[in-house]
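This briefing sets out selected features of one structure, grouped by topic. Please read it alongside the sequence and the model shown here.

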Amino acid sequence: MQELPSSVDPARFALCADAIADAARELSALGWTPATSSNFSMRIDDELAAVTISGRDKGKLGREDIMLVDMAGHPVGTRARPSAETELHTQLYRRMPAAQAVLHTHSRTQSVASRLFARAGRVVLEGWELQKAITGYTTHESVLEIPVFPNTQHMPELVAQVDAWLDAGKPLHAYLIDGHGIYAWGADMAQARRHLEALEFLLGCELDLRRLSA
Ligand SMILES: [Zn+2]
């Protein structure tokens, strides 16, 4: 049972929880959240985020499957356990003031692409019209770089890798984790969904190109 701190408007929490559950159900229907994997969140305010509870089937989420965490990833007002990778969500909210929604999925395309590009440490997208779906990109002639970080079960290591990329001043619109999946985000849930769907499509195109030119 989620108890809300007095600072949180119940209507705001309900809106975020419903948006997360709706996105999770729809992305699950696409096959991007196999075997209860993946996690989703929205910023509530500067101190709190709403995130999926660990281990739930992402195809059957409702409002009761969403909980509050602070920006260190600790539960607030509930005994539920947040998704294992919650710290990666709260890191993005801390470091990117514009980020309002974070989506993490494990589609087959994302997983295969992460393995293929792991050695290079990044996917370089260039010449695709759909790059324009990423906020700030206005032409297919731009270069969109998506880093691929090594996977680890030790969250502080992943957090440090993302911090190092940002601290180096490199643009970050999404990232892959090797053999694992993708993180994408946006200034609202619709933008986060658009970014995720565009990247899924672009990664699929890159894989097809390699299959066909082998
Ligand atoms: Zn994951």
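**Metal site and surroundings**

His-106 has a relative accessible area of 18%, and because buried means under 20%, His-106 counts as buried. The model is predicted, and the points below concern its zinc site, its cysteines, one helix and a strand pair.

Zinc coordination

- The zinc ion is coordinated by two OE contacts from Glu-85 and by the NE2 atoms of His-104, His-106 and His-180.
- These coordination distances run from 2.1 to 2.7 Å.
- Along the chain, the donors follow the spacing E-x18-H-x1-H-x73-H.
- His-104 is also buried, at 0% relative accessibility.

Cysteines

- Zero disulfides are found in a search of the whole structure.
- Cys-16 is buried, its relative accessible area being 0%.
- Cys-205 has a relative accessible area of 16% and is likewise buried.

Helix α2

- Helix α2 spans residues 86-95 and is mostly covered, with seven of its 10 residues buried.
- Those buried residues are Thr-86, Leu-88, His-89, Thr-90, Gln-91, Leu-92 and Tyr-93.

Strands β5 and β6

- In strand β5 (residues 122-126) the side chains alternate between two faces.
- Val-123 and Leu-125 point to one face and are buried, whereas Arg-122, Val-124 and Glu-126 point to the other and are not buried.
- Strand β5 pairs with strand β6 (residues 143-149) in the antiparallel sense, over five bridges.
- Within this pairing, Val-124 stands opposite Glu-145 of β6.

Note on methods
Residues numbered from 1 in each chain as written. Predicted model: local features only at pLDDT ≥ 70, side-chain atom pairs only at ≥ 80, totals over all residues. Heavy atoms only, no water. Buried < 20%, exposed > 50% of the residue type's maximum accessible area, 1.4 Å probe, protein only. Helix = DSSP H or I, 4+ residues; strand = E, 2+ residues; numbered from the N terminus. Pairing = 2+ DSSP bridges. Disulfide = S-S within 2.5 Å. Donors = N, O, S within 2.8 Å, 3.2 Å for Na, K, Ca; no water.
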